[in-house]
Amino acid sequence: MVVLYIPLVTAIVATAFAAVVLRQYGAHRRTYQLMWTTGFAMFAIAAFSGYLARSGGTTETEYRFFYLFGAILNVAWLALGTLYLLAPRRWADISLGAAALLSLAAAYAVVAAPVDLTAAADSGRGFPNGSLARILAGVGSGVGSIVLVGGALWSAWVFLRRRHNGRRAIANVVIAVGVLIVAAGGTATFTGASGVLELANLVGLSVMFAGFLLIS
């Protein structure tokens, strides 16, 4: 019974995270904050869809929402925020166009592909091997995780070289660890392991939130 509520708790944490970043965006109007808000809102939608699937029996609609906003898009949009924070603006703008194309392709992929509800409920692999949805999940989550971890570690190194910024350096390392935990859960599910993703998402997101609050 406890496992049932893990996705719901994750959705609550993700919503709180999105609200905190959105509040910062309202005060400072930084583009990276808007991108991060979008990513965490997607995280919340995916987690809540997972909760609905666990609590009432998985439906195709719930699984498609879970996969679109969780497996494919949320990490990619979080990574976009990191690019707007650290990369030249031109690169970030080009990446925004790529993220928009990824989102359109992902929406088509998850609607067009057939869903195996038995496999979705058992292992999370509801789309066929080699389907566009599965490929885009690897691209969005894989590339996005690399950008997030790399950006956090780079920021940690920059802060570490500055005096009196040790707390921010540690906070960025904590964020990187949180991203790795989420990525590990996604990788386990991608290879067919079950029962890992929900806990990894909750723990990883909570670690990321702790690191973010440590910086703020």
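**Note on the nonpolar patch and helix α6**

1. In this predicted model, Leu85, Leu86, Trp154, Trp157 and Leu160 form a nonpolar surface patch of about 540 Å². Two elements each give two or more residues to the patch, namely α3 (60-86) and α6 (132-161). Of the contributors, α6 gives the most, with 3 residues.

2. Trp157, one of the patch residues, sits in helix α6. Its relative accessibility is 44%, so Trp157 is classed as partly exposed, a class that lies between the buried limit of under 20% and the exposed limit of over 50%.

3. Is Ser155, also in helix α6, buried or exposed? Ser155 is buried, because its relative accessibility is 9% and the class takes in residues under 20%. Helix α6 thus holds both the partly exposed Trp157 and the buried Ser155.

4. Which residues does Ser155 touch, once those up to four places away in sequence are set aside? They are Leu86 and Asn172. Leu86 is itself a member of the nonpolar patch.

5. On confidence, the chain has a mean pLDDT of 90, and 94% of its residues reach 70 or more. Among the elements of the chain, helix α4 (residues 89-112) has the highest mean pLDDT, 96. The lowest, 79, belongs to helix α5 (residues 117-123). As a general caution, predicted coordinates should not be read in detail where pLDDT is low.

How values were computed:
Residues are numbered from 1 along each chain as its sequence is written. This is a predicted model: local features need pLDDT of at least 70, side-chain atom pairs count only at pLDDT 80 or more; totals for chains, interfaces and linings use all residues. Side-chain values use heavy atoms; hydrogens and water are left out. Patches are made of residues with over 30% relative accessible area and no salt bridge: like charges are joined within 9 Å, nonpolar side chains (Val, Leu, Ile, Met, Phe, Trp, Tyr) within 5 Å. Accessible areas come from the Shrake-Rupley method with a 1.4 Å probe; for residues, only the protein chains shown count as cover. A salt bridge is a side-chain nitrogen of Lys or Arg within 4 Å of a carboxyl oxygen of Asp or Glu. Helices (H or I, at least four residues) and strands (E, at least two) are DSSP runs, numbered from the N terminus. Buried means under 20% relative accessible area, exposed over 50%, partly exposed in between (1.4 Å probe, protein chains only). Contact means heavy atoms within 4.5 Å. pLDDT is the predictor's confidence in each residue, from 0 to 100.
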